[in-house]
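Student: Please pick one part of this model and go through it closely, then show how it sits among its surroundings. I would like the cut-off behind each term where it first comes up.

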Amino acid sequence: MDKKEQNNKSKIIISVLGLVFLLVLVVGISYAAFSYAKKGTKLNTIRTAQISMSYNEGENGISIADALPMEDSVGMQLTGTGQVFDFTVNIDMPGKGTSGIGYEVTAEKQNGSTLEDNDVKLYLERSINNTSYIAVDDPSHYVPLDADDEFGAKAGEMVLDTHTTTTTQTFYYRLRMWVDQNYEASSESKSFTITVNVYGSDTAINSKNYNVAIQVNNVTSSSTSVNVGYNGTGNVSITPKEGYYLSDVSCTNGYTTNAVTGASAIDTQNITINNNGNTIKSVCTFIGSQITWDVCKNNKVVGACPAGMPVDYNIGGAVRHFYILKDKGETVDLISTSNIVEKTAWATSNSEMSANAAQAALASATNGWNPIPRIITREEAESVGCTMEKNSCPNWLVDAGSNHWTSTVATDNSSAAILIVNYLQGDFKSTPVTFGKNNGVRAVISISK
């Protein structure tokens, strides 16, 4: 035996002591190109009508006679002799390496299995003290790999767990397997047999990707899942639905995000999902909540809301921009920050003095709004400073650059109405009611505070 072969044998020790026991011994400070593979020899069998699971070596195994389909909640609690399969993975790392050792536990379906992959459920738990076990994942049907993976598992095997450690550690496993509750029994006896395999590597863990399922509620996502590498990141774009904000984000199995939540999170976010050194897939859930309004409180105002204060309000299926026009106590009047309607006359004719053209145009443009908008009155504009004097109107009432009608008839001209002129003048103007070329309408609504 040459020296190289002796060194390799000193790094890996395997023994079988009742349980399937895997000891991976790594010596030294460098783990470069370390790899390990252990094919299980114990057969795990489920057989309908007279179902049994047995292992060719040792006494630990699953043997269920006359098994019937069962719910996951029942299968996950199976205990006792013949109900579970226990095995351990021990990694001994006496040196201080620059990276961890990763390993993968797989199930390998055996030839001769006659139950379909989705007729059985597999459920694996892991422990570091052989007392308290946690689920590696939810119960799953047998899901085979499409191709060989980085650890050495072959196409057709199912990955049960991928894990890593940077210290000497023993991991205890408990496997359960049962017939899916939706299996339709037949008079024919069928079986499903697997063996458990373990693969180890110091490099594969860094190149493996883990699936992160994206779940949404009242938001939309750019994708339904993201692949994230070990200690790596992935990205997804999340957009709240109209009238909603991103209120909560959570990821399972130690994954985190940089998502911004809260009432101001109404826009699309390109969110980064962090793996954080996890060797298991995750589910990230993004939840939107409907925007509710207390206009003064949301804008950190104590007492009455001041005229001209910007307010975003959800109306007509969208969040729109308004200014406070007047605080009335329990209610507040808002005016849109720009014209909702452009190029509209005030009335259809000189003899019609009811702003029918402007109001009809506004009603058409705001169909579906609740409450129904109206046009600002001359008196309301005067209450915030507007007069016939140039630059008398406050900037917020003329800052959009377009003229907009009031609902008030001019007193100096029987065929004219009062127009609020844009920021170049910022005042009232008596304007012919049929003139609409440069004139529009802003929307006024009354809402509860």
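Tutor: What follows starts with one sheet and its crosslink, and then moves outward.

This is a predicted model, in which local features need pLDDT of at least 70 and side-chain atom pairs count only at pLDDT 80 or more, while totals for chains, interfaces and linings use all residues. Residues are numbered from 1 along each chain as its sequence is written, and side-chain values use heavy atoms, with hydrogens and water left out.

The part to look at is an open sheet of four strands, with the order β14-β12-β19-β16 and mixed pairing. Strands (E, at least two residues) and helices (H or I, at least four) are DSSP runs numbered from the N terminus, and two strands pair if DSSP finds at least two bridges between them. β14 (225–229) and β16 (244–251) are the edge strands; each has a single partner strand, so one side of each is left without a neighbour in the sheet. From one strand to the next, the twist averages 25 degrees. For such angles, axes are lines fitted to C-alpha atoms (for helices, over the stretch in contact), and values run from 0 to 180 degrees between N-to-C directions.

β16 pairs with β19 (residues 282–290) in the antiparallel sense, over seven bridges. Within this pairing, Cys251 has Cys284 of β19 as its bridge partner. These two residues are also joined by a disulfide, S to S 2.0 Å; the criterion is a pair of cysteine sulfur atoms within 2.5 Å. A disulfide is a covalent bond between the sulfur atoms of two cysteines. Cys251 lies in β16 and Cys284 in β19, so the pair ties together parts that are 33 residues apart in sequence. The torsion about their S-S bond is about 110 degrees, so this disulfide is right-handed. Cys251 and Cys284 are both buried, where buried means under 20% relative accessible area, exposed over 50%, and partly exposed in between (1.4 Å probe, protein chains only).

Two loops that adjoin strands of this sheet hold residues with unusual backbone angles to check. Asn231 is in the loop between β14 and β15 (233–240) and has a positive phi of about 60 degrees although it is not a glycine. Asn231 is exposed, at a relative accessible area of 52%. Asn276 is in the loop between β18 (269–274) and β19, again with a positive phi of about 60 degrees in a residue that is not a glycine. With 43% relative accessibility, Asn276 counts as partly exposed.

β12 (209–217) links the sheet to the largest pocket: β12, β7 (120–127) and β9 (157–165) are the elements that give two or more residues to its lining. A pocket here is an open set of points on a 1 Å grid over the protein atoms alone, with protein on both sides within 12 Å along at least five of seven lines; a set where a 1.4 Å probe fits but cannot get out is a cavity instead, and lining residues have an atom within 4 Å of a point. The volume is about 650 Å³, taken as the space filled by probe spheres set on the points, which are joined across faces, edges and corners. There are 24 lining residues, and Asp137, Met158, Val159, Leu160 and Lys281 lie nearest the centre. β9 gives the largest share of the lining, five residues. By class, the lining has 12 nonpolar, six polar and six charged residues; Ala, Val, Leu, Ile, Met, Phe, Trp, Tyr, Cys and Pro count as nonpolar, Asp, Glu, Lys and Arg as charged, and the others, Gly among them, as polar.

β7 leads on to another set of strands. β7 pairs with β10 (residues 169–179) in the antiparallel sense over eight bridges, and Leu124 stands opposite Leu175 in β10. β5 also pairs with β10, antiparallel over seven bridges, with Asn90 opposite Thr170. Eight of the 11 residues of β10 are buried. Phe87, in β5 (residues 85–92), is buried at a relative accessible area of 2%.

Back at the crosslinks, the structure holds two disulfides. Besides the pair in the sheet, Cys386 is joined to Cys393, S to S 2.0 Å. The torsion about that S-S bond is about 135 degrees, so this disulfide too is right-handed. Cys386 and Cys393 are both buried.
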